[in-house]
Amino acid sequence: MLVPDDTAQLVSPVGDSAIAANPRPADAAGVAFAPGLSTRLYNRDLAPTRRAGRRWTGYSIFTLWANDVHSLGNYGFALGLFALGLGGWQILVALGLGSALLFVLLSITGFMGYRTGVPFPVMTRIAFGVRGAQIPALLRGGVAVAWFGIQTYLASLVLRVLIIALAPGAADWDHNAILGLSTLGWIAFGSLWAVQTFLAQRGLEMIRRYEAFAGPVILVTMAALAVWVFTEAGGSIAWSVDRPLTGFAMWHEIFAGAALWVAVYATFVLNFCDFTRASKSPGSIVRGNFWGIPINVLFFGAIVVVMAGGQFEIDGRVIASPADIVHAIPNTALLVPASLALLVLTVAVNLMANFVAPIYALTNLFPRKLNFARAGLVSGIIGLVILPWNLYNSPAVIEYFLGGLGALLGPLYGIIMADYWLLRRGRIDVPALYSEDPVGAYFYRGGVNPRALAAFVPAAAVSLLVAFIPALDAVSPFAWFIGAGSGALIHLLIADRKAAFEDVSGEPIAVECTH
């Protein structure tokens, strides 16, 4: 039961009868003030969504994966397996194992979003407390906003090639440097930045529509590139490099590849609830994940094998990205649509993977001042002012800063999942997630759960050590699993098992699913 501790800091969703009779000022998200919920924890974008009116279907979730699985970064990863010495069938086995694990992990997280209707920063209040939740939310958002800038920069390289192909004179603008980027580079980066920021500000419904449009485009384009390479190779491909791995080394790389494929999605398995809170049913989550992860990943793997093997058959070269193939297309009429498709892909991946998380993290940090649109603009500005091309060109930043942040996500996942499913058995008092009542279910000590932090610190230390100590290179691909398992185990060992957990629906305080 919610006990107002400061009526000046409490809110209730618009539409409450008391509000209609006695209207009060509205906050940044358009939610009127009234006794019940803290404005430091609640606004329209952080509120649970009503189950009636949710719009995300199995196809909506499938198109998320149709875009994200086929990102240029993922192709770079899978093509790297070919370069390491894995053959065609070994690559498919590695991706198949990884995608099977991902299907389970993402479905577990997805069900949490459907059941509670809350976004990731609010979900983390369950384990970490209503104030301690800022830690996992900002860690997840920080990783995402940095990669948003980096991915936009990488896409701008494709756009620069396209611009020069269409207007060769533009190459003259590509030789100077302003804060590390040429004039043409700024034009390309700025254009993509503006498009993505505009779309993100329009909310998750706009993102859903864009993903639904982009998904089929990407699948057709990547399949067409694979067919083009296969044709250029004379209808045959090399199934491996000249000296493929065998025996123990081969199996180690297969399992390492599967583990790293899961680690690639360490961010998504945390905040997938940001999307599934708008799902129509648990079945839509399962169907979308099934077709989008195991099936789509095998299709992705087949394209990788054809691209890598075909190009190796042609000239003995191991490509690093589909962009290498696009840039090699001699016909401008074919180069233009292929380049545009890669740009459509990068925008789609950035919107879902690298924009939504920082938007919710910032909204959670400043719920009185920011809503989804304003936080989208702030996220975009941060992604610009960090000058992401300088980050990308610094291996130390990528490896130690972003890699270190990524290594912390495994322990967070383990703690949050163990707390929700194993400790509480899914029994959540959703309204209490928005209460600052000192005796509230998720207030703990000053709004922070010291037991969750006590589990996170040693698990994070273990994860970082495994990821970065050279002597542990053999097990470093499994750092995410080690961190997640450590976090879950420690949390369960020190958790308060005497506490009574209530299951209280969030429908009375829920808002219409406008995203």
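## Pocket lining, charged pairs and nonpolar cores

The lining of the second largest pocket is made up of 15 nonpolar, four polar and nine charged residues. The structure described here is a predicted model, and every value below is computed from it. The second largest pocket holds about 550 Å³ of space, and among the 28 residues that line this pocket, R424, G440, A441, Y442 and Y444 are the closest to its centre. Helices α19 and α20 each contribute at least two residues to the lining of the second largest pocket.

The charged side chains come next. Side chains of opposite charge can pair when their charged atoms come close. Across the whole structure, a search finds seven salt bridges, and three of these pairs are set out in the table.

| Salt bridge | N to O distance |
|---|---|
| R40 and E436 | 2.6 Å |
| R160 and D174 | 2.8 Å |
| R209 and E205 | 3.2 Å |

In the salt bridge between R40 and E436, the closest N and O atoms are 2.6 Å apart. This pair joins distant parts of the chain, with R40 in the loop between β2 (37-38) and α2 (58-68) and E436 in the loop between α19 (409-423) and α20 (450-468), a separation of 396 residues. R40 counts as partly exposed because its relative accessibility is 34%, whereas E436, at 5% relative accessibility, counts as buried. The pair also belongs to a network of salt bridges that links R40, R131 and E436.

The salt bridge between R160 and D174 has an N to O distance of 2.8 Å, and it too connects distant parts of the chain, since R160 is in helix α7 (residues 134-166) while D174 is in the loop between α7 and α8 (183-201), 14 residues apart. Here R160 is the buried partner, with a relative accessibility of 14%, and D174 counts as partly exposed at 22%; buried means under 20% relative accessible area, so the value for D174 falls outside that class.

For R209 and E205, whose side chains meet at 3.2 Å, N to O, the setting is a single helix: the two residues are four apart in helix α9 (residues 204-232), and therefore about one helical turn separates them. R209 counts as exposed because its relative accessibility is 53%, while E205, at 10%, counts as buried.

The nonpolar interior can be described through its cores. The largest nonpolar core contains 135 residues, of which W65, M222, W261, F268, F272, F275 and Y434 touch the most other members. Helix α15 (residues 332-365) gives the most to this core, supplying 18 residues. Apart from neighbours within four places in sequence, F275 is in contact with W56, L64, L204, F268, M352 and V356. A second core, separate from the largest one, has six residues, including A418, A488, L492 and F501.

One further residue, S379, belongs to helix α16 (residues 372-385). Is S379 buried or exposed? S379 counts as buried, because its relative accessibility is 1%. When its neighbours within four places in sequence are set aside, the contacts of S379 are V145, F148, F355, P358, I359 and L362.

Key: Residues are numbered from 1 along each chain as its sequence is written. This is a predicted model: local features need pLDDT of at least 70, side-chain atom pairs count only at pLDDT 80 or more; totals for chains, interfaces and linings use all residues. Side-chain values use heavy atoms; hydrogens and water are left out. Buried means under 20% relative accessible area, exposed over 50%, partly exposed in between (1.4 Å probe, protein chains only). Contact means heavy atoms within 4.5 Å. A salt bridge is a side-chain nitrogen of Lys or Arg within 4 Å of a carboxyl oxygen of Asp or Glu. On a 1 Å grid over the protein atoms alone, a cavity is a set of points where a 1.4 Å probe fits but cannot get out, and a pocket is an open set with protein on both sides within 12 Å along at least five of seven lines; lining residues have an atom within 4 Å of a point. Grid points are joined across faces, edges and corners, and a volume is the space filled by probe spheres set on the points. Ala, Val, Leu, Ile, Met, Phe, Trp, Tyr, Cys and Pro count as nonpolar, Asp, Glu, Lys and Arg as charged, and the others, Gly among them, as polar. A nonpolar core is a set of buried Ala, Val, Leu, Ile, Met, Phe, Trp, Tyr and Cys residues joined through side-chain atoms within 4.5 Å.
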